[in-house]
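I opened the notebook to go through this structure entry by entry. Each entry records what I looked up.

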Amino acid sequence: MSNRNTFVRRFAAGIAAVAALAAAGCGATTTGGDGEQEAASVEEGFTIGLLLPESKTARYEKFDRPYFEEAVAELCPNCEVSYQNADQDVSKQQSQAEAMLTEGVDVLVLDAVDAEAAGSIVQQAKGQGVPVVAYDRLAQGGVDYYVSFDNKTVGRVQGEALIEGMEKAGTAGDGPIVMINGSPTDPNAADFKAGAHEILDGQVEIGAEYDTADWSPDKAQQQMEQAITSIGADNISGVYSANDGMAAGIIAALKSAGVDEMPPITGQDAELAGIQRIISGDQYMTVYKAIRPEAEVAAAMAVAAATGEEYQGTDEHPLTEATDGAGETVPAVLLEPIAVTAENIEDTVISDGFYTVEEICTDEYADTDLCKGAGA
Ligand code: BGC
């Protein structure tokens, strides 16, 4: 369906929000930034560039993009979203951003492949008077706003769950754990890693630890193979995996080394495949990050920034501050992550409408407790 059609469908719902923004005087002022540009108006609509980093992790195409487009359609029915995915390629993202700026987008919403390199996109946008909202990952260069989750807390939640899982499995203290972190160009990965270390250091022995370029599940699988070779598959008492995509590669490596019963393994993103591995017992936990509010806050920030308004935050999602990798402080909204294990799938991802029981309980999982309980 085209953006336009989505907008028409959403038009009624958007009217109240538009009226509120119009009453607040949107469209009457000029944008911030270093360049000169007339502020866009919600009545006339404008173009929002959305740049997402990769497509191997399911969230971006399945949730971030559609939720963002829906949120924009509600807030600004006459706006267009111009979308590009960089497929983990730094220079591809740079060209996508340049093309959008040349085409004349009014605001960029940027989830950077490489937060430091993205500083030049931010500078270029600012030079043209185009505001930038950093989405999920904090690009350097002095963005106007940032929305994400509390990423250190994500790491802490993963570390705590790993220890809990090892205690429950009775493997705590039996052997070392393996840590497989995310991409070194993603500042979130550094936060997840730091948060996890806060909990794990001194509590468990870390037998091997890797950073994984591009968050690649294939590379995570190779790293796990290396760890198995040096530690021995049966001696590994738990695995810290920074996200669900990599957990898939890690589990594949353990299975091909002959391990039937997985040690506790963490994840993140509440991917459908991750939730299914949790109910079948292959993965111990994931982190549910409610992407809808993240996308909605990003859309509200983008509309405010493009129309020369100040985004104020809401009672539910108040503005705070975050500091980028170059030491610059930016206004931010940071949402709370939630740990998901077999025990609370129903109270989290299902009750939130992230997945239906039918989506989770495909034939392969019909014998699991969750699916039997649901009568699916
Ligand atoms: C996101 C995670 C995602 C990872 C890989 C991180 O910046 O916060 O949700 O799993 O990137 O794309």
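My entries follow, from the whole chain down to single residues.

**Entry 1: the chain overall**

I noted at the start that I am working with a predicted model. I then looked up the secondary structure and found 13 helices and 12 strands in the chain. How many of the 376 residues count as buried? I read off 57%. For the accessible surface I found about 15100 Å². Carbon and sulfur atoms hold 46% of that surface. I also checked how far contacts reach along the sequence. I took contacts between residues at least 6 apart, and 71% of them join residues at least 24 apart.

**Entry 2: disulfides**

I searched for disulfides next and found two. Counted along the chain, the bonded cysteines pair as 1-2, 3-4.

I looked at Cys76 and Cys79 to begin with. Their sulfur atoms sit 2.1 Å apart, and the two form a disulfide. Is the link of Cys76 and Cys79 right-handed or left-handed? I noted 65° about the S-S bond, and the link is right-handed. I then checked burial at both ends. Cys76 has 0% relative accessibility, so I list Cys76 as buried. Cys79 is buried as well, because its relative accessible area is 0%.

I turned to the other pair, Cys361 and Cys371. A disulfide joins them, with 2.1 Å from S to S. The angle about this S-S bond is -90°, and the link is left-handed. Which parts does the pair tie together? I placed Cys361 in the loop between α12 (357-360) and α13 (369-373), and Cys371 in helix α13. The pair therefore ties together parts that are 10 residues apart in sequence. Cys361 shows 12% relative accessibility. The cut-off for buried is under 20%, so at 12% Cys361 counts as buried. Cys371 has a relative accessible area of 0% and is buried.

**Entry 3: the ligand site**

I asked which residues surround the ligand, and which of them are closest. I counted 14 around the ligand, and the closest are Glu54, Tyr60, Asp136, Asp186 and Asp269.

I followed the ligand's oxygen atoms to polar side-chain atoms. From Glu54, a side-chain N or O atom is 2.4 Å from a ligand oxygen. From Tyr60, a polar side-chain atom lies 2.7 Å from an oxygen of the ligand. From Arg137, the distance between a polar side-chain atom and a ligand oxygen is 2.8 Å. How much of the ligand does the protein bury? Taken alone, the ligand exposes 310 Å², and the protein buries 100% of that.

**Entry 4: Gln158 and Ser241**

I picked Gln158 and located it in helix α5 (residues 151-169). Is Gln158 buried or exposed? Its relative accessibility is 0%, so Gln158 counts as buried. I listed its contacts, leaving aside neighbours within four places in sequence. Phe192, Tyr240, Ser241, Ala242, Thr266, Gly267, Gln268, Met285 and Val287 are in contact with Gln158.

Ser241 is on that list, and I went there next. I found Ser241 in strand β8 (residues 238-241). Ser241 is buried, because its relative accessible area is 0%. I drew up its contacts too, not counting residues up to four places away in sequence. Ser241 touches Gln158, Ile180, Met246, Ala247, Ile250, Ile265, Thr266 and Gly267. I marked Thr266 and Gly267, which appear in the contacts of Gln158 and also in those of Ser241.

**Entry 5: positive phi**

I looked for positive phi in residues other than glycine. Trp215 has phi near 55°. I placed Trp215 in the loop between β7 (206-211) and α7 (217-231). Trp215 is buried, because its relative accessible area is 6%.

Ala270 came up too, with a positive phi of about 50° although it is not a glycine. Where does Ala270 lie? I found Ala270 in the loop between α8 (244-256) and α9 (272-280). Ala270 has 0% relative accessibility, so I list Ala270 as buried.

Key. Residues numbered from 1 in each chain as written. Predicted model: local features only at pLDDT ≥ 70, side-chain atom pairs only at ≥ 80, totals over all residues. Heavy atoms only, no water. Helix = DSSP H or I, 4+ residues; strand = E, 2+ residues; numbered from the N terminus. Buried < 20%, exposed > 50% of the residue type's maximum accessible area, 1.4 Å probe, protein only. Contact = heavy atoms within 4.5 Å. Disulfide = S-S within 2.5 Å. Near = heavy atom within 4 Å. Polar contact = N/O pair within 3.5 Å; in protein donor to acceptor, adjacent residues only side chain to side chain. Areas by Shrake-Rupley, 256 points an atom, 1.4 Å probe, with all protein chains shown as cover.
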